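Open the structure in your viewer and keep the selection tool ready. This tour goes stop by stop, telling you what to select and what is there.

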Amino acid sequence: MRRIVPALFATGGLIAGLPPGLLPPADPRPEVPQPDLGIRFTPHHALVAYARALAAAAPDRVKLTVLHRTEEGREQPFLVITSPENLRRLDELQALNAKLADPRTCTEAEAGRLAETQPAFVWLGYSVHGSEASGSEAALAVAYHFASARSPEVMKQLERVVILMDLAQNPDGRDRHLQAVMEAAGPFESADPQDAQNTSRWPAGRFNHRLFDLNRDWAWQTQGESRAKAAAFLRWNPQVLLDQHEMWPEASAYFPPTMQPIHPALPAALSGRWQATFGQAMARSFDAQGWAYFSRDVFDLFYPGYGDTWPTFQGAVGMTFESAGQGGTAYRRMDGERLTLDGRIRRHVAASLATVATAAAERKALLWDFQRIRRERVALGDRAGAFLFAEGEDPGRARALADLLGRNGIEVLRTAADLDPAGLEPIGPARAAGLPAGSYLVPLDQPRGPLAQALLEGEARMGPKPTYDITAWSLPLAFHVPAWQAKVRPKVKTASRAPETTPALPETAWGYVIPAGHEGACRTLAALLEEGFKASALAEPAVLGDRRWGAGTVVFPLRNNPPELRARLQALAAENGHPVAAAESAHMASGPDLGSNRSVILRAPRIAVLMDRPASPTAFGALAHTLWETGLPFVQLRADRLGGIPLARFTHVILVDDGAAGKSWQQALGEGGAAKLKAWVQDGGSLLAFQGGAAYASRAGLAQAGFRFLSRAAEEARLQEKDPKREAPRPDPTDLVRPWDKREDRILEESIPGAFLKVDVDGSHPLAWGLHAEGGAAVLNTGDPILELSPGGENPLHYGKEGLKVSGLVAKPLEAKLQQTAYALRERLGRGAVILTAGDPVFRGQTPFTRRVLLNAIFFGAYRAPVE
């Protein structure tokens, strides 16, 4: 039997082959190459080489495509494996499956015939977290099994299913992890839990190149890997998806049924009965091996960004499988068991084979439920309801929301007539005068109505159990778009969305302006400043004729700009989707003239971001992603090198969260780092710090504003750290006798697991220019430190006196603690500025409203009015 030999990760030239008994007897074809698995990891280039060899050796069953090419240049191979007859008809079968997915084009009789004859489509995804690397090893064994087996049982399965295999969902992160394991490898295998092979270094392999957690990005699709995967999912419309992970090495294995909460918009059959069916099949497979496992614990089916929940909203049976693992090739557990790469692979293979076998056996019922659930949704008609959102003062932001819904497969219409929102339920604090023609309507009687419901509703009903992730994500809140929910779809004429066009920019005598507060304008501004164009920004609103230009409007005079200004503005405005206006004169009817010395002179920012330990990898990644997407270059400074780097060449230094409320930054930077940052700010620099970074600025004396904690224990520890002689308060007797099974209640009483809270916004302040949030806005709080109002600075975004909760789980006592505290503040320090936010303004890349706060801080945050 021919074998493909990957690069070896250990000394010696041993060939692993397939571990004995890994696959059931299946009479494999000798011409199909066998992967070498179980002793060492397969690097990505060898994984791709094997996928190509497999497709070449078994062209009658295997089709190989490239799903995506990562930012580090790695291919993301995608295999389709099925019977020879199915493969010959693959395009036809895919089209019929798409027809089955839309009951508006498929009669019930047609659906019945297709359920009798069509194969089910089963998606197997592996190693979305790169450090959970054994999943991709198992994928090679599973692909080999179905490409080579000649047994009647396997051939029957291949006739009944089309297997879609995403062999490595996170190639960059996985190779980063394998490189670290390889570098730590020696001539002797070490199973010690503290060995370098089993401990991660910053930023670890869990994340992709941009340090995003791809398992939380299915709905938001901020990353190329996620967009490619979601687009492929929508093309194939699978009935089953198994997302294969690894968890902490001291655990066993997890598979469905899931625990509560289960999102109420999920189809009950998919989130209940089918989860149990597949889970029972995996249990039988694991019982036969004597393996330990658990279900109905830890992992829920609630957050729509997950690799199991998003597919379930789409109409598939979406499931998570978790095996104990991560780290290197061996790990000695506390119970004495030696967890090996071989054992991890076996569990992944067993879960995969049980899933395919169950889908094949239940093919007809799966296909019928797949269609029935969608048919019942469509049959609701207007009674299913709808969501509506207006363009408001920033049409680009509403358009970006509609585009994101479209990438999720959700149909979005435009209204052809005005609509009175009276009687509709408003979502969040964003407001608009009405719903004029051209507003957006999302009907819920569409096949993907459940996902539309989950993404757009103001609040998801959770039930008694807290979710594993954040408890609020509503897109109208995150985008700050005026939106309403209608229990019955309004009677208004609609049309499909037409392509947006940008009007030609006329010649002008004086210059051009980009009005404040338009999505995409920051990308244009960043590009033009980097190219050397000259611009300023209005610090106060101005009016000319019937046009009102708000504070933050960017002005490009002709007099000091090159002749190509108009062409570049035209091209960038079309690319980024925002308006540009011609200004024939600098004279305004009211407000400052365009040449006022109260304007902000804009320059290309020179940004440094502190990275490496102790920065949170995901916080750093979200910030880096935002800067890259905006077109703002930045220098990545390793935290331990700050002392030897001259900061004078930077205009901005940014500190993200450290996951330790600033204490880790304090330990890493020391007194010398704090003194250096302080001197640099006093000389004119702008320090931006978020979450733990903001707490560090307070700890280090870089800001006057203090901070506190939501948790009583953490707050008491902070006070004792400040005053070692402080006497600890007496414990509350009620807490001392609290039942053990109520311990989760205590956590929710002292933490915020991701909720939207209302902030008051001072739109006249540079941090809030163009936010269009005069009535307040919702910001995401993920248990952030409490920033006290700055006594000597400004507090343009702050929590008010009452009614803070907008969406998500927030205990009433915590609302009281947050009242009259800051979300974003600015202080002067010498000639520079310190800008702090209590939360992460670019959390997971999915909060466009607070992203604008960050960009305002970069472009306008250093502004000082001439009268100051």
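**Stop 1: a buried glutamate**

Select E715, which sits in helix α21, residues 712–722. Keep in mind throughout that the model is predicted. Is E715 buried or exposed? Its relative accessible area is 14%, and the limit for buried is under 20%, so E715 counts as buried. Now show its neighbours. Leaving aside residues up to four places away in sequence, E715 touches R708 and F709.

**Stop 2: a second glutamate**

Move to E159, in helix α6, which spans residues 152–160. Which residues does E159 touch, not counting those up to four places away in sequence? They are S83, N86 and P119. Now add L67 to the selection. E159 and L67 are 92 residues apart in sequence. In space, their C-alpha atoms are 24 Å apart.

**Stop 3: strand β4 and its partners**

Select β4, residues 75–81. Of its 7 residues, 7 are buried, so the strand is largely enclosed by the rest of the structure. Look at both of its faces, because each is covered. One side carries E75, P77, L79 and I81, and these are buried. Q76, F78 and V80 lie on the other side, buried as well.

Next, add strand β3, residues 62–69. How many bridges join β3 to β4? There are 7, and the two strands run antiparallel. To see one pair, pick V66, whose bridge partner in β4 is P77. Then follow the turn of this hairpin. It has 5 residues between the strands, and G73 takes a positive phi near 90° there.

Now bring in strand β6, residues 161–166. It pairs with β4 over 4 bridges, in the antiparallel sense. Select V80 and L164 together: V80 stands opposite L164 in β6. 

**Stop 4: strands β32 and β33**

Go on to β33, residues 777–781. This strand is mostly covered, with 5 of its 5 residues buried. Colour its side chains by direction. A777, V779 and N781 point one way. A778 and L780 point the other way, and all of these residues are buried.

Add β32, residues 755–761. It runs antiparallel to β33, and 5 bridges join the two strands. Where does F756 stand? Opposite L780 in β33. Now select H772, in the loop between β32 and β33. Its phi is near 55°, a positive value in a residue other than glycine.

**Stop 5: backbone details**

Three more places are worth a zoom.

- Select W202 and P203. The peptide bond from W202 to P203 is cis, with omega near 0°. P203 is in the loop between α7 (171–184) and α8 (224–236).
- Select Q260 and P261. The bond between them is also a cis peptide, with omega near 5°. P261 lies in strand β9, residues 259–262.
- Select R296, in the loop between α9 (268–289) and β10 (300–301). Its phi is positive, near 55°, in a residue other than glycine. Exposed means over 50% relative accessibility, and R296 is at 57%, so R296 counts as exposed.

**Stop 6: cysteines**

Select the cysteines, C106 and C522 among them. How many disulfides does a search of the whole structure find? The count is 0. C106 has 1% relative accessibility, under the 20% limit, and therefore counts as buried. C522 is buried too, with a relative accessible area of 15%. Keep C522 selected for the last stop.

**Stop 7: the cavities**

Turn to the empty space inside. Rolling a probe the size of a water molecule over the atoms shows where empty space is left. How many cavities of 30 Å³ or more are there? The count comes to 7. The largest has a volume of about 150 Å³. Its lining is made up of 16 residues, and the closest to its centre are G517, A521, C522, G552 and F860.

Show α16 (521–530) and α25 (848–860) around this space. Each helix supplies at least two residues of the lining. Finally, colour the lining by class: 10 residues are nonpolar, 5 are polar and 1 is charged.

Conventions. Residues numbered from 1 in each chain as written. Predicted model: local features only at pLDDT ≥ 70, side-chain atom pairs only at ≥ 80, totals over all residues. Heavy atoms only, no water. 1 Å grid on protein atoms, 1.4 Å probe; cavity = no way out; pocket = protein on both sides within 12 Å on 5 of 7 lines; lining within 4 Å. Points joined across faces, edges and corners; volume = space filled by probe spheres on them. Nonpolar A, V, L, I, M, F, W, Y, C, P; charged D, E, K, R; others polar. Buried < 20%, exposed > 50% of the residue type's maximum accessible area, 1.4 Å probe, protein only. Pairing = 2+ DSSP bridges. Contact = heavy atoms within 4.5 Å. Disulfide = S-S within 2.5 Å.
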